[in-house]
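User: Please take a close look at one helix packing in this predicted model, then walk me outward from there. What should I be looking at, and what lies around that part?

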Amino acid sequence: MKKTITLLASLTVAIAHSQSVPNKNSVPENFLKTYQAPIFTDAERLRKLEAAYPVAEKLYRDWAEKAHFPGMAFGIVVDGKLMHSGGFGYTDVAKKTVATSKSLFRIASMTKSFTTMAVLKLRDEGKLRLDDPAYLYVPELKNLTYVTRDSPLITVRNLMTHSAGFPEDNPWGDRQLSDTEKELTDLIKGGLSLSNATGIAYEYSNLAFAMLGRIITTVSGKPYQQYITDAILKPLGMNSTEWEYTKVPANLLAHGYRWQGEQWQEEELLHDGSHGAMGGLITSIDDFAKYMAFHQSAWPPRSDAETGPVKRSSVREMQQPWTFNNLAAGFKYPSGRACPMVSSYGYGLRWSRDCEGRVMVGHTGGLPGFGSQWWVLPEYGIGVVAYGNLTYASMGNVNFAVLDTLINLAGLKTRQLPVSPILAQRKAELVQLLPDFTKAEASKIFAENFFPDLPVELRRKAIQDLYAKVGKIKQVGELIPENQLRGRFLLEGERGKINVFFTLTPENPALIQQLDFREVTQ
């Protein structure tokens, strides 16, 4: 059996390596020359945000007082820079050590995305595959008893996305942080209880991330803490971040507390151990902002040279919704504004999208003595992070409030995509055919499906009827692209407006496959 596992592992590495080598010819050269990344178009954007920072800081201060935090630290990251930060209260109540952006807090489950980033780095280097059975790297899982005979084997990806079938284990998992590697091995070897078949449900598992730590150790040949430090933390300049609290300078270490009996009671700090991959990192706002900046730098997709410890595409892969988590139909922002929200889990990250289309990526963290949370909004270029040294300190509500406030006060808009040359060309050619459409078939700008889908006579009549209704066209509006091959524009007439939508084919050159004209009624 051991020989079989070794052969499988070797085959896995070979396949992974073959899949990880980039194909330099995979993107047509004309696309590389014409593609333009989306940009922020508001020249006053940063100034407007700066004016909103005092309001955001007050939200954090009020929340800290209301929730009885001994200490709190926060940061606002914009376009890859920590633009505003601060702290309130104390990291050590007895010594009255003031909390600042340099104070080092245990960030608990915010650690999880560092673990998955390390796994992706190993994947990109051809050393493992995400769909490998996890037992190839954690042999004790080979004898795992599943809840059903038809349950598929747990994969590395299942561990990363909380879909392995393990039960939610927050209260128990929080106390395993300092367990030894032998204790983790004995736990798995002794048999595990599962709550679901593999791959069918989201259930938050700290144990799964302890196993990912073991996988990193096995594949990299060094303790996962050292690998993550060498491969991610140091390259990002996170030089103050530690795993073991005894290595943190006393004047910077945040002590954890519980609010009980109308007073703060200090919680015991746990040492680093085998479960640290699920929640062991200790870091500051200043350091963590560098990690947030790296996540922001993955957007938008572009052809620039890679500069980070992990490929931009792999960071974006982390930020995708892999396992559905929840639909909060009754969600309300702290201001009281109702806005349903859907949530999923990515790779060590939570993914949420609200009713206005805002996508947020981040994670919460909670341990005895600590609570933390961060979000980045990739399309807005902003992010927030907050720590508190109180047991399971809830930071989600205040971070939602701060983000919503910053967007509204600064009137933030998402990046705007420039019009691709082919989209602009097809628009110009299309406008020349309107409204009679008599030369449409000979124009060669329409795909082979276009006229069979709707005869030219019917299209001509529909267009001419709309023109008669809105009157003489006074202005052709700017093209608003949805992507490189799809967009819309307005025809503004004397008595009304027409919305024109068209989308192009995957051919090269791309042709018009769909064209819709609709009167604007509002």
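Analyst: Let's start with helix α4 (residues 112-124) and helix α9 (residues 224-233), which pack at an angle of about 80 degrees with their axes 10 Å apart. Axes here are lines fitted to C-alpha atoms, for helices over the stretch in contact, and angles run from 0 to 180 degrees between N-to-C directions. On the α4 side, the residues that do the touching are Phe-114, Thr-115, Met-117, Ala-118, Lys-121 and Leu-122. Across from them, α9 offers Tyr-227, Ile-228, Ala-231, Ile-232 and Leu-233. Contact means heavy atoms within 4.5 Å.

A quick word on the ground rules. This is a predicted model, so to speak of local features we need pLDDT of at least 70, side-chain atom pairs count only at pLDDT 80 or more, and totals for chains, interfaces and linings use all residues. Residues are numbered from 1 along each chain as its sequence is written, and side-chain values use heavy atoms, leaving out hydrogens and water.

For a second helix pair, look at α7 (residues 181-189) and α8 (residues 206-220): their axes come within 12 Å and cross at roughly 120 degrees. Here Glu-181, Leu-184, Thr-185, Leu-187 and Ile-188 of α7 meet Leu-207, Ala-210, Met-211 and Arg-214 of α8.

Now zoom out. The protein chain has 16 helices and 18 strands, where helices (H or I, at least four residues) and strands (E, at least two) are DSSP runs numbered from the N terminus. Its C-alpha atoms fill a box of roughly 80 × 60 × 40 Å along the principal axes. Of the 522 residues in the chain, 52% are buried, with buried meaning under 20% relative accessible area, exposed over 50% and partly exposed in between (1.4 Å probe, protein chains only). Among contacts between residues at least 6 apart in sequence, 65% join residues at least 24 apart.

On to the strands. Nine of them make an open sheet, in the order β3-β2-β1-β13-β12-β11-β10-β9-β8, with antiparallel pairing. Two strands pair if DSSP finds at least two bridges between them. The edges are β3 (97-98) and β8 (323-328), each pairing on one side only. At the β3 edge, β2 (residues 81-92) pairs antiparallel with β3 over two bridges, and Asp-92 has Thr-97 of β3 as its bridge partner.

Inside that order sits β11 (residues 359-367), and it's worth a stop. Seven of its nine residues are buried, so β11 is largely enclosed by the rest of the structure. To one side, β11 pairs with β10 (residues 350-354) in the antiparallel sense over four bridges, and Arg-353 is bridged to Val-359 in β11. The two strands form a hairpin with four residues between them, and Gly-357 in that turn has a positive phi of about 85 degrees.

To the other side, seven bridges join β11 to the antiparallel β12 (residues 370-377). One of the bridged pairs is Val-361 with Val-376 of β12. This hairpin has two residues between its strands, and the turn's Gly-369 has a positive phi of about 100 degrees. So if you're tracing the chain by eye, β10, β11 and β12 follow on through two hairpins, each with a glycine of positive phi in its turn.
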